[in-house]
Amino acid sequence: MTRAGRVPVADATAPARCDAAQRALAVAAARELGVPRDYGRTRALRLQREPRALTPIGTDVHGRVQWLEPRAARAFLRMHASALDDGVVLDVVSAFRSASYQLGILQRKRERGESIEQILAVSAAPGYSEHHSGRALDLTTPGYPALEEAFEHSPAFAWLMREAGRFRFHLSYARDNRHGIAYEPWHWCWRSR
Ligand SMILES: [Zn+2]
């Protein structure tokens, strides 16, 4: 059972964040792995600054503590509680990820033999993922496999489409989005205004 939304034990340690210099290193290493030099411009994606602080939002479907920047965390916990009131469970798959963590994902996929084009169709290049900002998270709900398009048929997705805007969460990657990123009904990002 998930405990998403419940504040976890106080001794959980926030994950490491990349400063601008560390992010530049991750971006450079990703270029070595084949990320095009003009990636940000052609995908209309910006380099993401990592937050100064992170707040735990509960555990994910694998039992790991997940984190968001404080304002997004508060908004998510309110949204999670509101969904529960309506009988909808929003489980977290992944929230904050640093640029160097994203680089690790890219490296592992390359080692498994995936082409850079295949990888960049589903993952943002290190430095450019909204997950770096601490404002984005991937959601699922019981009975649906995580990170699959079928999530769009879940009551949780219908609830999010109707209610998430009240909490300033928005779907980032709609079908045929201008970033060339696959449709991600599970990926929601908080905006400050
Ligand atoms: Zn995501």
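Me: I am new to this structure, so let me start with two rings: are Trp159 and Phe167 buried or exposed?

Reply: Both Trp159 and Phe167 are buried. Buried means under 20% relative accessible area, exposed means over 50%, and partly exposed lies in between, using a 1.4 Å probe and protein chains only. Before we go on, note that this is a predicted model, where local features need pLDDT of at least 70 and side-chain atom pairs count only at pLDDT 80 or more, while totals for chains, interfaces and linings use all residues. Residues are numbered from 1 along each chain as its sequence is written, and side-chain values use heavy atoms, with hydrogens and water left out.

Me: How many aromatic pairs are there, and what is the rule for them?

Reply: Rings of Phe, Tyr and Trp (its six-membered ring) pair if their centres lie within 6.5 Å; planes under 30 degrees apart count as stacked, over 60 as edge-to-face and the rest as tilted. By that rule there are 5 aromatic pairs. One of them joins Tyr39 and Tyr128 edge-to-face, with 5.1 Å from centre to centre and 70° between the planes. This pair links distant parts of the chain, 89 residues apart: Tyr39 belongs to helix H2 (residues 39-43), and Tyr128 to the loop between helix H5 (116-122) and strand S4 (136-140). Helices (H or I, at least four residues) and strands (E, at least two) are DSSP runs, numbered from the N terminus.

Me: Why does Tyr39 count as buried?

Reply: Tyr39 counts as buried because its relative accessibility is 2%. Its partner Tyr128 is buried too, with a relative accessible area of 11%. Trp159 and Phe167, the rings you began with, form a stacked pair, 6.4 Å centre to centre with 25° between the planes. Elsewhere, ring pairs link Phe151, Phe157 and Trp188 into a cluster.

Me: Now for charged side chains: how many salt bridges does the structure hold?

Reply: A salt bridge is a side-chain nitrogen of Lys or Arg within 4 Å of a carboxyl oxygen of Asp or Glu. The structure holds 10 salt bridges. Among them is the one between Asp38 and Arg41, whose closest N and O atoms are 3.8 Å apart. Asp38 is partly exposed, at a relative accessible area of 32%, whereas Arg41 counts as exposed at 65% relative accessibility.

Me: Which residue forms a salt bridge with Arg97, and where do the two sit?

Reply: The partner is Asp138, with the closest N and O atoms 3.8 Å apart. Arg97 lies in the loop between strand S3 (91-94) and helix H4 (99-111), and Asp138 lies in strand S4, so the pair links distant parts of the chain, 41 residues apart. Arg97 and Asp138 are both buried.

Another bridge joins the side chains of Arg175 and Glu152, at 3.0 Å from N to O. That pair also links distant parts of the chain, 23 residues apart: Arg175 is in the loop between strand S5 (169-171) and strand S6 (187-190), and Glu152 is in the loop between S4 and helix H6 (155-163). Arg175 counts as partly exposed at 44% relative accessibility. Finally, Glu69, Arg71 and Arg135 are linked in a network of salt bridges.

Me: What about helices: at what angle do H1 and H4 pack?

Reply: Axes are lines fitted to C-alpha atoms, for helices over the stretch in contact, and angles run from 0 to 180 degrees between N-to-C directions. Helix H1 (residues 20-32) and H4 pack at about 15°, with their axes 9 Å apart. H1 and H4 are therefore roughly parallel to each other (under 35 degrees is roughly parallel, over 145 roughly antiparallel, 65 to 115 roughly perpendicular and the rest oblique). Arg23, Ala26, Ala29 and Ala30 of H1 make the contact with Ala99, Ser100, Leu103 and Leu106 of H4, where contact means heavy atoms within 4.5 Å.

Me: Which phi value does Leu147 have?

Reply: Most residues other than glycine have a negative phi. Leu147, in the loop between S4 and H6, has a positive phi near 60°. Arg168, in the loop between H6 and S5, also has a positive phi, of about 70°, although it is not a glycine.
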